[in-house]
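Let us walk through this chain from its overall layout down to the packing of its interior, taking the elements in the order in which they help to build the picture.

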Amino acid sequence: VNTMDSMVGYKNECYLLFGRAAAKLDDVLNFIPARVTGLLMAFSAWLLPGCDGRNAFRIFFRDRKKHASPNSAHGEAACAGALGIRLAGDAWYFGELHKKPYIGDALRPIKPEDIKTACLLMYNVQFILMGLLLISLLAAGGKAETHRCGKQHGDNLLFHGTSPFHLNKLKSGPARRTKPLCSHSFANAFSSHRRLREGVPK
């Protein structure tokens with residue numbers, strides 16, 4: 001969607017109507033990701049040598065809306081603040097000058113090394129985001145497994161008021177003792193209990 005917006009989302013005679021759907025869809029789908037990116041980039045500036053985390057947050061909250069698009073300036077503002085440079089400003093499109101506001105403060109001149117620092121800042125944001133997503137997935141998976149096993153264990157105990165220990169006694173006699181297992185052992189015990197009640201041989 002973002003690539004489609006970049007290709008045809010122009011306000012000119014050729015693409016005004018054709019590109020409007022792509023531009024508006026891009027605004028909707030990237031509304032939350034753009035803001036998350038800006039916050040993570042400002043936070044990442046605290047961790048990366050040569051970047052100013054405090055200024056990144058300051059410029060992010062100050063300049064993140066200085067763009068015609070509701071999403072475009074969030075990451076740009078955080079990056080400009082982290083590097084201590086000024087970005088954006090006037091731009092030429094198809095031979096026509098478009099007046100645009102600047103993002104960030106020109107605390108120093110831009111130098112070629114800023115490209116490498118900006119790339120490192122971007123990679124740092126990606127690693128932080130992947131780490132957060134991995135932790136969330138692991139936590140969600142653990143809770144889902146605990147809920148599944150706990151629910152089946154509760155269903156076992158509610159089956160005609162019979163506990164798993166009693167079901168094992170019905171299956172193997174009173175001399176055998178087993179420790180409580182997870183859902184598959186309980187399911188086998190229920191199956192044996194049902195066969196005993198219905199008189200069906202094993």
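**From fold to core**

Read along the sequence, this predicted model follows the pattern α-α-α-α-α-β-β-β-β-α-α-α, so that its secondary structure comes to eight helices and four strands by the DSSP runs used here. Of the 202 residues in the chain, 29% are buried, and the chain exposes about 13,900 Å², of which carbon and sulfur atoms supply 65%. Among contacts with a separation of 6 or more, 53% are between residues 24 or more positions apart.

Helix H3, which covers residues 31–47, is a useful place to look more closely. Its 17 residues reach 26 Å from the first C-alpha to the last, close to the 24 Å expected at 1.5 Å a residue. Within H3, the buried residues are Ala 34, Gly 38, Leu 40, Met 41, Ala 42, Ser 44 and Ala 45. As background, residues three or four places apart in an α-helix point the same way, because there are 3.6 residues a turn.

Two of these buried residues, Met 41 and Ala 45, reappear in the largest nonpolar core, a set of 16 residues in which they, together with Cys 51, Ala 82 and Leu 121, have the most contacts. The elements that give two or more residues to this core are H3, H4 (53–63), H5 (73–83) and H6 (113–158). Apart from this core lies another, of five residues, among them Ile 59, Ala 73, Ala 77 and Ile 103.

Leaving aside neighbours within four places in sequence, Ala 45 is in contact with Cys 51, Asp 52, Gly 53, Ala 56, Ala 82 and Leu 121.

Notes:
Residues are numbered from 1 along each chain as its sequence is written. This is a predicted model: local features need pLDDT of at least 70, side-chain atom pairs count only at pLDDT 80 or more; totals for chains, interfaces and linings use all residues. Side-chain values use heavy atoms; hydrogens and water are left out. The expected span of a helix is 1.5 Å times one less than its number of residues. Buried means under 20% relative accessible area, exposed over 50%, partly exposed in between (1.4 Å probe, protein chains only). Contact means heavy atoms within 4.5 Å. Accessible areas come from the Shrake-Rupley method with a 1.4 Å probe; for residues, only the protein chains shown count as cover. A nonpolar core is a set of buried Ala, Val, Leu, Ile, Met, Phe, Trp, Tyr and Cys residues joined through side-chain atoms within 4.5 Å.
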